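Please find my notes on this entry below. They deal with overall make-up first, then with strand pairing.

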Amino acid sequence: MLEEGMMDEQNGTTPQVENTSGERHKQGASVNREVQLTRRELLKAGMLGTAGLATAGGSLAFRPQLPHELPPGASKVAPPRPGGFAHGGHSSHENMMAVGDFQPGGFDPTAFLTHFDTGKVSRLPSGQTLREYQMIAIDKEIEVAPGVFFPAWTYNSQVPGPTLRCTEGDRVRVRFINGGSHPHTVHFHGIHAANMDGSFEIIQPGGTFTYEFDAEPFGLHLYHCHAVPLKRHIHKGLYGVFIVDPKEGRPPAREMVMMMNAFDTNFDGENEIYAVNTAAFHYQKHPIPIRVGELVRVYLVNITEFDLINSLHLHGNFFRLYRTGTRLDHYEFTDTVMLCQGERAVLELTYKFPGKFLFHAHQSEFAELGWVGIFDVQGAPNA
Ligand SMILES: [Cu+2]
């Protein structure tokens, strides 16, 4: 008889199971000393301790998994280590919680937030601006919550891939190298020729392809792999933000990119970890400093696989919502936006009061599984 929280150490077999993605995973002895996660268990447990809407900075107990509740092939929380989960042993009354910090695969979500890759810039004989980028698909394991690892497929070793930025009318040239283990492409949203769409020209491992098109329309777009099965190639991490600025620009602002994403860490077809920019709870642990009265522009994109929608809700404020960012004069004034997968919106906001303000998915479940952050608004209140 196994007690709650114990792994099945009597089971010495290591059966292989095939998940819905067609991947085979070992189960059994190799993970006996690891605790496996399912989404519902994370929720029941209050998950990662440092998180939780009502417990910012606090710690919640984690109820370890009942062995019979584990799906085949589930993976994986690393054994205890500094910065990871702390095991509580055999009793559900002992704690398991997230402590410390992490950077997913060396990726720094704070740096990513405000990093825009404008490419190598030159001018064509016609006078048109040419921007050249290089994208390399690489398999890489990343850490998406303390001690929770995910075998990602990446563009340029990071999830999301780099935020590519240009101006409407620029010639965009993207050299793609498939350094990964599976066939991939880069499919850009936008207006371009059929053979530049990254849908049919599947690039085999070791292969290369150059995408070239004129950037239009201006707005907030994205790119992602379009090899099949599509949901697998996207949820593994092959996506990024593609910003096409209007020729006249947008008003000066503190700009940042938020890609709402999630990770199915046990390949059961539902996500266990949610975030903006990959690292669960990152902007709660590392609040984003802004100033009272300052114009803030958020480029918000939803790439979340498996869930029909995702959302952002802002505390203590409202924002101007420019859907897809393709109009400068039409906006909605709201404090919550819901986006389907692939949808995106430009948000403009200015804080009247200083202090710490949450932003998070308004699906409470997503927030409790990692999609929550804080704006740290500094300065005196605006009169
Ligand atoms: Cu792919």
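The points below go from the whole chain to single residue pairs.

1. Status. This is a predicted model. Please read every point with that in mind.

2. Composition. The chain holds five helices and 24 strands. It counts 383 residues, and 44% of them are buried.

3. Contacts. Take the contacts in the chain with a separation of 6 or more: 71% of them link residues 24 or more positions apart.

4. Six-stranded sheet. One open sheet is built from six strands. Its order reads β15-β14-β17-β22-β19-β20, and the pairing is mixed. At the edges sit β15 (273-276) and β20 (332-334), each of which pairs on one side only. Neighbouring strands here are turned against each other by 25° on average, with direction ignored.

5. A pair inside that sheet. Strand β19 covers residues 319-323, and strand β22 covers residues 344-349. The two run antiparallel and are joined by four bridges. Which residue of β22 stands opposite Tyr 322? That partner is Val 346.

6. Four-stranded sheet. A further open sheet has four strands, in the order β8-β13-β12-β10. Pairing is mixed in this sheet too. Its edge strands are β8 (164-167) and β10 (187-188); each pairs on one side only.

7. A pair at the edge. Edge strand β10 pairs with strand β12, residues 219-224, in the antiparallel sense. How many bridges does this pairing span? The count is two. Here His 187 stands opposite His 224 in β12.

How values were computed:
Residues numbered from 1 in each chain as written. Predicted model: local features only at pLDDT ≥ 70, side-chain atom pairs only at ≥ 80, totals over all residues. Buried ≥ 20, exposed ≤ 12 C-beta atoms within 10 Å, placed from the backbone. Contact = placed C-beta atoms within 7 Å. Pairing = 2+ DSSP bridges. Axes fitted to C-alpha atoms, helices over the stretch in contact; angles between N-to-C directions.
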